[in-house]
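Dear colleague,

I am passing on the structure we spoke about, together with some notes on what turned up in it. Please look it over below before reading on.

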Amino acid sequence: MAHNCLQCIKYLMFVFNLLFWLGGCGILGVGIWLAVTQGNFATLSSSFPSLSAANLLIVTGTFVMIIGFVGCIGAIKENKCLLLSFFIMLLIIFLLELTVVILFFVYTDKYAQRDLKKGLHLYGTDGNIGLTNAWSIIQTDFRCCGVSNYTDWFEVYNTTRVPDSCCLEFSENCGLHSPGTWWKAPCYETVKVWLQENLLAVGIFGLCTAMVQILGLTFAMTMYCQVVKADTYCA
């Protein structure tokens with residue numbers, strides 16, 4: 001009976017980690033594609049220049065692939081060391097995610113806006129194509145301009161000017177026209193409202209991610225205990 005239970009957990013964990021590994025491959029692929037085609041896309045913060053969507057996806061995909069591989073081999077080989085390593089790595093990732101969530105809520109509006117405004121000064125400069133692309137896309141898609149106001153750009157250009165992505169109707173050098181032709185909504189508040197409106201979807205995604213990781217931790221520890229019992233029984 002115990003042997004049959006072990007075999008069942010073994011194959012369930014193998015399938016789980018195979019899917020985990022394939023998911024990591026997909027995330028890594030998207031990250032590499034973004035890095036090649038868009039530069040450091042979605043780098044908005046000057047304090048964290050490496051914190052781009054591409055880099056985050058590449059790092060996340062790599063870790064997921066490694067964890068999934070260790071889990072697959074540990075399950076098939078019924079190796080206690082690999083199973084325990086898988087459990088510890090997945091637990092570390094889970095705790096890191098909790099830390100990021102906490103930091104996200106601690107990252108106050110005042111500090112976030114100040115940091116984003118510093119990032120505006122890197123817009124259009126050499127080596128900052130990711131930040132430039134990110135601001136252009138956000139201002140175009142969310143129909144906003146600047147962090148707290150379109151006047152944020154006046155300090156960047158030292159004149160009454162905004163990027164062309166701020167224009168109601170895009171055209172070459174339209175950012176030099178009168179303020180009446182620019183979006184007036186602040187990007188920080190606009191994106192914040194959008195996130196609040198989609199909080200349910202974000203919450204469901206986060207909850208599903210947490211449940212998958214808890215399931216992986218449960219599989220790993222259960223199988224580890226079963227392998228230990230089997231070894232003790234055989235001894």
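Glu78 is a convenient place to begin, and at 24% relative accessibility this residue counts as partly exposed. Please bear in mind throughout that this is a predicted model.

Glu78 forms a salt bridge with Lys10, and the closest N and O atoms of the two are 3.4 Å apart. Because Lys10 lies in helix α1 and Glu78 in the loop between α2 and α3 (80–106), the pair ties together parts that are 68 residues apart in sequence. Lys10, for its part, counts as buried, at 10% relative accessibility.

The structure holds two salt bridges, and the side chains that meet in the other are those of Lys117 and Asp152, at 4.0 Å from N to O. Here Lys117 belongs to helix α4 and Asp152 to helix α6, so this pair ties together parts that are 35 residues apart in sequence. Asp152 is buried, with a relative accessible area of 10%, whereas Lys117 counts as partly exposed, at 31% relative accessibility.

As for the overall picture, the protein has eight helices and zero strands. Of its 235 residues, buried ones make up 32%. Among contacts between residues at least 6 apart in sequence, 64% join residues at least 24 apart. The protein exposes about 14000 Å², and carbon and sulfur atoms supply 71% of that area.

Turning to the interior, the largest nonpolar core has 21 residues, of which Leu120, Trp135, Cys145, Val147, Trp153 and Val162 touch the most other members. Helices α4 (109–120), α5 (129–141), α6 (152–157) and α7 (187–197) each supply at least two residues of this core. A second, separate core of 17 residues includes Met13, Ile67, Val70 and Phe86.

Val147 deserves a look of its own in your viewer. Leaving aside residues up to four places away in sequence, Val147 touches Gln113, Leu116, Lys117, Leu120, Trp135, Asp152, Pro186, Cys187 and Tyr188. Both partners of the second salt bridge described above, Lys117 and Asp152, are thus among the residues that Val147 touches.

The aromatic residues come next, and a search of the whole structure finds nine aromatic pairs. One of them joins Trp135 and Trp153 in an edge-to-face arrangement, at 6.2 Å centre to centre and with 85° between the planes. This pair links distant parts of the chain, with Trp135 in helix α5 and Trp153 in helix α6, 18 residues apart. Trp135 and Trp153 are both buried. Ring pairs also link Trp135 and Trp153 with Tyr123 and Tyr157 into a cluster.

Another pair is made by Tyr150 and Trp182, whose ring centres are 5.6 Å apart and whose planes stand at 65°, so the pair is edge-to-face. Since Tyr150 lies in the loop between α5 and α6 and Trp182 in the loop between α6 and α7, the pair ties together parts that are 32 residues apart in sequence. Tyr150 counts as buried at 16% relative accessibility, and Trp182 also counts as buried, at 1%.

On the surface, Val15, Leu18, Leu19, Trp21, Leu22, Phe69 and Ile73 form a nonpolar patch, with about 630 Å² of accessible area together. Helices α1 (2–38) and α2 (53–77) each supply at least two residues of this patch, and α1 gives the most, with five residues. Leu22, one of the patch residues, lies in helix α1 and is partly exposed, with a relative accessible area of 46%.

Finally, two asparagines have a backbone angle that you may wish to inspect. Most residues other than glycine have a negative phi. Asn158, however, has a positive phi near 55°, and Asn173 has a positive phi of about 60° although it is not a glycine. Asn158 is found in the loop between α6 and α7, and so is Asn173. At 70% relative accessibility, Asn158 counts as exposed, while Asn173 is partly exposed, with a relative accessible area of 36%.

With best wishes

Technical notes: Residues numbered from 1 in each chain as written. Predicted model: local features only at pLDDT ≥ 70, side-chain atom pairs only at ≥ 80, totals over all residues. Heavy atoms only, no water. Core = buried A, V, L, I, M, F, W, Y, C linked by side-chain atoms within 4.5 Å. Buried < 20%, exposed > 50% of the residue type's maximum accessible area, 1.4 Å probe, protein only. Helix = DSSP H or I, 4+ residues; strand = E, 2+ residues; numbered from the N terminus. Contact = heavy atoms within 4.5 Å. Patch = residues over 30% accessible without salt bridge, like charges linked within 9 Å, V, L, I, M, F, W, Y side chains within 5 Å. Areas by Shrake-Rupley, 256 points an atom, 1.4 Å probe, with all protein chains shown as cover. Phe/Tyr/Trp six-rings, centres within 6.5 Å; stacked < 30°, edge-to-face > 60°.
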